[in-house]
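What follows is a walk through one chain, taken a part at a time and meant to be read beside the sequence and the structure.

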Amino acid sequence: MDDRERLVALVRSMQRDSMPSLLRVQEDDDLSLIHIALLQVLDRQRELLDRDTDPTVKDLAALIGRSDSRTSRLVDRMVRRGLVERYEDDADRRARRVRLSDGGAAALHRISVARTEAQMALWGHMTRDEQKAVLHSMEIFAKAARRLRDEQRDQPD
């Protein structure tokens, strides 16, 4: 087994072992992965789109890799649940923009806290040397994630 295969096996094992605690906390929200992805995109959409306006459904579709019609239906469901808001663009009345609602921001915060707490529960089961090694490794992962994000943002549509 090469290093990449070992890493994949370790990540899967960690996800499997921590999933029950995440499910218990997220039970009230009952959000699918695509809902969470859309909330996260809306949370950092200005950075992703490199502009000062909220995205349109078409923008969101491109960011999450779904068709415009599927994304529109997803946004409609999330509007009904109070997670996002649609509004008319003041500059272009034909454009409908989407933003994270207070309810969506609260749900995203709960999910983030639950994920972090589940992962941090592992921290107390490590020696100080293991904690230092994990901290250093997570810094490397975070840098790689930023580079990947920047590369994806710089790719032409």
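The largest nonpolar core in this predicted model has 19 residues, and among these Leu38, Leu39 and Val84 are the ones that touch the most other members. Several elements contribute to this core, since helix H2 (33-43), H4, H5, S2 and helix H6 (102-120) each supply at least two of its residues. The largest share, 5 residues, is the one that comes from H2. A general tendency is worth keeping in mind here: in soluble globular proteins, nonpolar side chains tend to be buried together. In the chain as a whole, which has 157 residues, buried residues make up 25%.

With the core in view, the overall layout can be followed from one end to the other. The chain contains 7 helices and 2 strands, and a reader moving along the sequence meets them in the pattern α-α-α-α-α-β-β-α-α. Confidence in the prediction is not uniform along this path: the average pLDDT of the chain is 84, and 87% of the residues score at least 70. Among the elements, helix H5 (residues 68-80) has the highest mean pLDDT, 95, whereas helix H3 (residues 45-49) has the lowest, 62. Where pLDDT is low, the predicted coordinates should not be read in detail.

Helix H4 is a useful next stop. Its buried residues are Val57, Asp59, Leu60, Ala61 and Ile64. Valine 57, which lies in this helix, has a relative accessible area of 12%, and because that value is under 20% it counts as buried. The C-alpha atom of valine 57 is separated by 6.5 Å from that of threonine 71, although the two residues are 14 residues apart along the chain. After H4 comes glycine 65, which has a positive phi, near 75°.

Just before this helix, in the loop between H3 and helix H4 (57-64), is the place of aspartate 54. Is this aspartate buried or exposed? Aspartate 54 is buried, with a relative accessible area of 8%. Its side chain is joined to the side chain of tyrosine 87 by a polar contact of 2.5 Å.

Tyrosine 87 leads on to a second partner, because the charged end of arginine 99 sits over the ring of this tyrosine, 4.0 Å from its centre, and so satisfies the limit of within 6 Å that is set for such a pair. Pairs between aromatic rings, by contrast, are absent by the rule applied here, the count being 0.

Arginine 99 also takes part in one of the 6 salt bridges that the structure holds. Side chains of opposite charge can pair when their charged atoms come close. In this case the partner of arginine 99 is glutamate 85, and the closest N and O atoms of the two are 2.9 Å apart. The pair links distant parts of the chain, with arginine 99 in strand S2 (residues 96-100) and glutamate 85 in strand S1 (residues 84-88), 14 residues apart. Neither end is classed as buried: arginine 99 counts as partly exposed, at 33% relative accessibility, and glutamate 85 is partly exposed as well, with a relative accessible area of 34%.

Two further salt bridges offer a contrast in surroundings. Glutamate 88 forms one with arginine 93, the closest N and O atoms being separated by 2.9 Å. Here glutamate 88 is partly exposed, its relative accessible area being 35%, while arginine 93 is exposed, with a value of 56%.

The other joins arginine 97 to aspartate 89, and its closest N and O atoms are 2.6 Å apart. The side chains of arginine 97 and aspartate 89 are also listed as joined by a polar contact of 2.6 Å. Where do these two residues stand with respect to burial? Both arginine 97 and aspartate 89 are buried. Arginine 97, whose place is in strand S2, has a relative accessible area of 11%, and this is why it falls in the buried class.

Key
Residues numbered from 1 in each chain as written. Predicted model: local features only at pLDDT ≥ 70, side-chain atom pairs only at ≥ 80, totals over all residues. Heavy atoms only, no water. pLDDT = per-residue confidence, 0-100. Helix = DSSP H or I, 4+ residues; strand = E, 2+ residues; numbered from the N terminus. Phe/Tyr/Trp six-rings, centres within 6.5 Å; stacked < 30°, edge-to-face > 60°. Lys NZ or Arg CZ within 6 Å of the ring centre and 35° of its normal. Buried < 20%, exposed > 50% of the residue type's maximum accessible area, 1.4 Å probe, protein only. Polar contact = N/O pair within 3.5 Å; in protein donor to acceptor, adjacent residues only side chain to side chain. Salt bridge = Lys/Arg side-chain N within 4 Å of Asp/Glu carboxyl O. Core = buried A, V, L, I, M, F, W, Y, C linked by side-chain atoms within 4.5 Å.
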